[in-house]
Amino acid sequence: QTAKDAAPYDVESVVGACMLIRREAFTAVGGFDERFWLYGEETDFCARLQRDGWRRVVVPTATAFHIGGASTGGSAEVATHFFDGSDRFVLLHAGRAALASYRLATLVGSLLRLPLLALRNPHDTRVRTRWRAVRHSMQRLLRHPLSVPTRLSG
């Protein structure tokens, strides 16, 4: 079956780069949570839609073009915002114990992947990104083990 003849199907969450949202649904769940900045807002939004009984559907026949990273320029801050969004989502939807567990799992996973990536290609951008994940996870576990700082802007 190709995308041209595939039927729409339900999903848990969709990527925010291309969403069509009914105004009624958007208003009913309170729109996007402004505590998220750049990453995680669409996942949180979809979780609230699910909680309130709204469907999230992928339409395979629809097309959109998204240039990944165009709005961020690949800055070092992007990783921080990604981690903030992930942490905030876990905290809001699973609680403080889950946040501590998630951060510990992220740290361990990053530490395990880092040597493999570095050995394969020390100049791979994923090595730098993984180091950021390690530093971020260690800092958060030490400074704010059960909370997520609120950022009002980038």
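Start with helix α5, residues 125–143: its 19 residues should span 27 Å at 1.5 Å a residue, and since its end C-alpha atoms are 27 Å apart, the two figures agree. That helix belongs to a predicted model, in which the protein chain holds 5 helices and 2 strands. Going along the sequence, you meet them in the pattern β-α-α-β-α-α-α. Here's a tour, beginning with the helices and moving on to the charged and aromatic side chains.

**The chain as a whole**

- The protein chain has 154 residues, and 29% of them are buried.
- Take the contacts between residues at least 6 apart in sequence: 72% of these join residues at least 24 apart.
- The accessible surface of the protein chain adds up to about 10,400 Å², and carbon and sulfur atoms account for 58% of that.

**Helix α5**

- Which residues of α5 are buried? They are Val127, Ala133, Val134, His136, Ser137 and Arg140.
- The buried residues of α5 pack against two other helices, α3 and α4 (96–120).
- As a bit of background, an α-helix has 3.6 residues a turn, so residues three or four places apart point the same way.

**Helix α3**

- Helix α3 covers residues 77–94. Its 18 residues should span 26 Å at 1.5 Å a residue, and its end C-alpha atoms are 25 Å apart, which agrees.
- Buried residues in α3 are Val78, Ala79, His81, Phe83, Asp84, Gly85, Ser86, Asp87, Arg88 and Val90.
- What do the buried residues of α3 pack against? Their partners are α4 and α5.
- After α3 comes Gly95, which has a positive phi, near 100°.

**Salt bridges**

- Side chains of opposite charge can pair when their charged atoms come close. Searching the whole structure turns up 8 salt bridges.
- One of them joins the side chains of Asp84 and Arg140, at 2.5 Å from N to O. This pair ties together distant parts of the chain, as Asp84 sits in helix α3 and Arg140 in helix α5, 56 residues apart.
- Are Asp84 and Arg140 buried or exposed? Both Asp84 and Arg140 are buried.
- Asp33 and Arg35 make another salt bridge, with their closest N and O atoms 2.6 Å apart. Asp33 counts as buried because its relative accessible area, 15%, is under 20%. Arg35 is partly exposed, with a relative accessible area of 38%.
- Asp124 and Arg126 also form a salt bridge, and the closest N and O atoms are 2.6 Å apart there. With a relative accessible area of 45%, Arg126 is partly exposed, while Asp124, at 17% relative accessibility, counts as buried.
- Some salt bridges share partners, and these join Asp84, Asp87, Arg103 and Arg140 into one network.

**Aromatic rings**

- How many aromatic pairs does a search of the whole structure find? The search finds 5 aromatic pairs.
- Phe26 and Phe32 are one such pair, set edge-to-face with 5.5 Å centre to centre and 70° between the planes. Phe26 is partly exposed at a relative accessible area of 30%, and Phe32 is partly exposed too, at 34%.
- Tyr39 and Phe82 make an edge-to-face pair as well, with centres 5.7 Å apart and 75° between the planes. Here again the pair links distant parts of the chain: Tyr39 lies in the loop between α1 (23–28) and α2 (41–51), Phe82 lies in helix α3, and they are 43 residues apart.
- Tyr39 has a relative accessible area of 27%, so it falls in the partly exposed range between 20% and 50%. Phe82 is partly exposed as well, at 41%.
- Ring pairs also bring Phe26, Phe32 and Phe45 together in a cluster.

**A charge over a ring**

- Which residue lies over the face of Phe36? That residue is Arg88, found 5.9 Å from the ring centre. Arg88 is also among the buried residues of α3.

Technical notes
Residues numbered from 1 in each chain as written. Predicted model: local features only at pLDDT ≥ 70, side-chain atom pairs only at ≥ 80, totals over all residues. Heavy atoms only, no water. Phe/Tyr/Trp six-rings, centres within 6.5 Å; stacked < 30°, edge-to-face > 60°. Buried < 20%, exposed > 50% of the residue type's maximum accessible area, 1.4 Å probe, protein only. Helix = DSSP H or I, 4+ residues; strand = E, 2+ residues; numbered from the N terminus. Lys NZ or Arg CZ within 6 Å of the ring centre and 35° of its normal. Contact = heavy atoms within 4.5 Å. Areas by Shrake-Rupley, 256 points an atom, 1.4 Å probe, with all protein chains shown as cover. Expected span 1.5 Å × (residues − 1). Salt bridge = Lys/Arg side-chain N within 4 Å of Asp/Glu carboxyl O.
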